[in-house]
Amino acid sequence: MNPSGIVAIVTGGGSGLGEATARALAAKGAKIAIADVGMERAENVAADLGGIAVKCDVTSAEDGENAIRTVSEKLGGPRILVNCAGIAIAVKTVGKDGPHPLDLYRKVIEINLIGSFNMIRLFAAKAQELDPLEGGERGVIINTASVAAFDGQVGQAAYSSSKGGIVGMTLPIARDLSRAGIRVCTIAPGIFKTPMMAGLPEDAQASLGQQVPFPPRLGEPSEYASLACHIVENQMLNGETIRLDGAIRMAPR
Ligand SMILES: NC(=O)c1ccc[n+]([C@@H]2O[C@H](COP(=O)([O-])OP(=O)(O)OC[C@H]3O[C@@H](n4cnc5c(N)ncnc54)[C@H](O)[C@@H]3O)[C@@H](O)[C@H]2O)c1
């Protein structure tokens, strides 16, 4: 799909990978809607791109419905959904303070996995009503997993579960939506230089970068955005998870 003139919703688009993707899609002429809980940053990014920001907690059915409705009314029917909203935690299954708090495990699954699915189902219901474009295509969905879906580290039980769920649902959702001409791909990033990572001390970031075989550095959000744009543009990409990680395979810790 050529993103020019196409309406794109980017969840978590106020920061990091989502922000970079919103900017890259806007540079290709897409009309951008940022769906985020952090409204100040979302509104700044949207204003920069001549788009709109919608307050949307991706875990809420009501917020999701409102986001799709608002975007459709203000910009037109959306054909691109990029799911970048997410959180990361590091808690061991049994730690010094006892067993992993169950509500924390639930929260990570709720935001990263259920939140992604919530937005997918609502987006797809709307996109399937739109007229088909070239080749019968109506929409493209891009999810964000992580290399932690495959090689989760100590403390990543909840995070890896949530990302493994995203990898697992990619193919069946692509199959479900194939009749409507809606494609679904997932990007599994390695370690990227975003505000999520900026919390780590400089030396920890440098040491993580050195663990990447090549290039030996953290990924740039623009590199994630560039792959997201390619997925939008390449109609044969569907039902697949693509690692974007400089060949890193995470060690246990
Ligand atoms: N940065 C990395 O190294 C890395 C690696 C692998 C995967 N990821 C994944 O990429 C995605 C984006 O991460 P990032 O590094 O850009 O993080 P980030 O913290 O910079 O951005 C995340 C955005 O999601 C939003 N958000 C959080 N909870 C939300 C909710 N319930 N509803 C709506 N928005 C919500 C935040 O407000 C924020 O704008 C996440 O899913 C993360 O797990 C990041």
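## Residues around the ligand

A residue is counted as near the ligand if one of its heavy atoms lies within 4 Å of it. In this predicted model, local features need pLDDT of at least 70 and side-chain atom pairs count only at pLDDT 80 or more, whereas totals for chains, interfaces and linings use all residues. Residues are numbered from 1 along each chain as its sequence is written, and side-chain values use heavy atoms, with hydrogens and water left out.

The ligand is surrounded by 28 residues, of which Ser15, Asp36, Tyr159, Phe192 and Thr194 come nearest. By class, this shell holds 15 nonpolar, nine polar and four charged residues, where Ala, Val, Leu, Ile, Met, Phe, Trp, Tyr, Cys and Pro count as nonpolar, Asp, Glu, Lys and Arg as charged, and the others, Gly among them, as polar.

## Polar contacts

For the ligand, a polar contact is a pair of N or O atoms within 3.5 Å. A polar side-chain atom of Asp36 lies 2.6 Å from a ligand oxygen atom, and a polar backbone atom of Phe192 is 2.7 Å from an oxygen atom of the ligand. At Cys56, a backbone N or O atom lies 3.4 Å from a nitrogen atom of the ligand.

## Elements of the shell

Helices (H or I, at least four residues) are DSSP runs, numbered from the N terminus. The largest share of the shell around the ligand, three residues, comes from H6.

How values were computed
A polar contact is a pair of N or O atoms within 3.5 Å; within protein, one must be able to donate a hydrogen and the other to accept it, and residues adjacent in sequence count only if both atoms are side-chain atoms. Helices (H or I, at least four residues) and strands (E, at least two) are DSSP runs, numbered from the N terminus.
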